[in-house]
Amino acid sequence: MTEDERASQLSAMFDGELPPAECELLARRLSRDEALRRQWGSYALIGAAVRGEPIVARSRSGAQADVAARVRQALEQTTDVAIETAATDTGSAADAVATAGGRRPRMPRWAVPLSGFGLAAGVAAAALLWLRTDTPTAAAVANVVPAVRPAAAAEVVVPMPLPAAPPVARGASPGATDRADDSYTVPPPVQGGVALAGGATLANFLVAHSEVSMPMLRRNALSTLVAVPIEAEPAAVATSVPRSADPAPVTTDPAAGSAVERP
Amino acid sequence: MNAEASDLSLVQRAQKGEAGGFDALVRRYQHKVVKLVMRYVRNQTEAEDIAQEAFIKAYRALPRFRGDSAFYTWLYRIAINTAKNALAARARNPVQFDLDRGNGDDGDAPGDLQDRMTDTATPEALALTEEIRATVTAAIEQLPEDLRTAIMLRELEGLSYEEIATAMDCPVGTVRSRIFRAREAVDARLREIFDGGLGRGEVAG
């Protein structure tokens, strides 16, 4: 290809009239050939002069440099940091250039939402820890439970092998039915360890909630949430879990939301 | 077909680490960007500073350019934002801005001073600009009629080669050749003047 043919291609490329395949080849040559880029810049200058646009030119005296020369000079000062390919992590290249230019490296754009998630996770963890240490007292649970219990909920509390104590039943209803499908089991409290706060009510809530929660949360987070030291529990257990040597199960009337002792 | 394909090819070269690809883009758009920035600042020297900053920002952000929009559209937004930021910085620190450009000790209002400085700050640049413009105009006037018509329809009216071919009733290949020859003639004239005798400047690029 002669110089004239190449220059003709360059002119067509400048006007966006060169086929893409030829564009690729010529762009490769243009990016490596300073003389060709000078010609390319001259085409831009001619167009700007014809259209009456501001002309950006550099003087030979050096008193003034055109924008392209100044940009080249500025970028050459950051030659230690070569621009990375588009296939690599795009954020790091920009940050690397920024760092070489003396600016504080910025957080990559992709990391911004992650930092938000991290902050939210931190707040959630703090909330869990706070709830862990600020579980409502047994009396408060006993007062709140009847008001918030769903009408259709039913619970069966399996008696725990605890020291003898009279079974407790609240609001026994003659219409109470035994619905095995809705029966949940309250695990026995561990001596010297922790017990479940709120007894049957929280157990029902926990099991019902676990049906739509993630297994990890079901196993760890919620169990941690409802666990409180054993010494804070006697009152709560006394209102919901029969402390009897006789394992008489207690059922809750689904309609009345109360527990009755099963025969 | 338009400039998007050629710009994208150059962007891809730059993204692969070839600085020459980005240099070609700067040479192509530096005049347009300075013109754009001069909507916000009337001083061409200041506009060139802002344009330089905009190009450097574009270079830094180039790895994130995916070609969803035309390169110039993307560059346009960067330049506008850079110009607005420069104006905001000026508003935050007007004293510094005035000191940078002399001062108002002689009683000039800052705005008047700026207007006056626009005309007098870079006499060499103004002379060079006028010289280049006059040279290009004269060179185009000396072109044969068909070449002059082709280059004017392209540069002034922005017609595509196909539209020019229709207007001039000739093949597209002929249009391409005419425009190329017109540019070569003007470029040769510019080189003849700036490289040969005057020695005051050289064609940007």
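**Helix packing between chains A and B**

In this predicted model, H3(A) (residues 34–51) packs against helix H7 (residues 123–141) of chain B at an angle of about 90°, with the two axes 9 Å apart; axes are lines fitted to C-alpha atoms, for helices over the stretch in contact, and angles run from 0 to 180 degrees between N-to-C directions. H3(A) and H7(B) are therefore roughly perpendicular to each other, a description applied to angles of 65 to 115 degrees. Chain A contributes A:Leu45, A:Ile46, A:Ala49 and A:Val50 of H3(A) to this contact, and chain B contributes B:Ile132, B:Arg133, B:Val136 and B:Ile140 of H7(B), where contact requires C-beta atoms, placed from the backbone, to lie within 7 Å. By class, seven of these residues are nonpolar, none is polar and one is charged, with Ala, Val, Leu, Ile, Met, Phe, Trp, Tyr, Cys and Pro counted as nonpolar, Asp, Glu, Lys and Arg as charged, and the others, Gly among them, as polar.

Between the two chains, the contact takes 60 residues from chain A and 69 residues from chain B. On the side of chain A that touches chain B, the largest share, 15 residues, comes from H3(A), and the class composition of this side is 33 nonpolar, 12 polar and 15 charged residues.

The secondary structure of chain B comprises 10 helices and one strand, assigned as DSSP runs (helices H or I, at least four residues; strands E, at least two) numbered from the N terminus.

Residues are numbered from 1 along each chain as its sequence is written, and chains are lettered from A and ligands numbered from 1 in the order in which they are written. For this predicted model, local features need pLDDT of at least 70 and side-chain atom pairs count only at pLDDT 80 or more, while totals for chains, interfaces and linings use all residues.

How values were computed:
Parallel < 35°, antiparallel > 145°, perpendicular 65-115°, else oblique.
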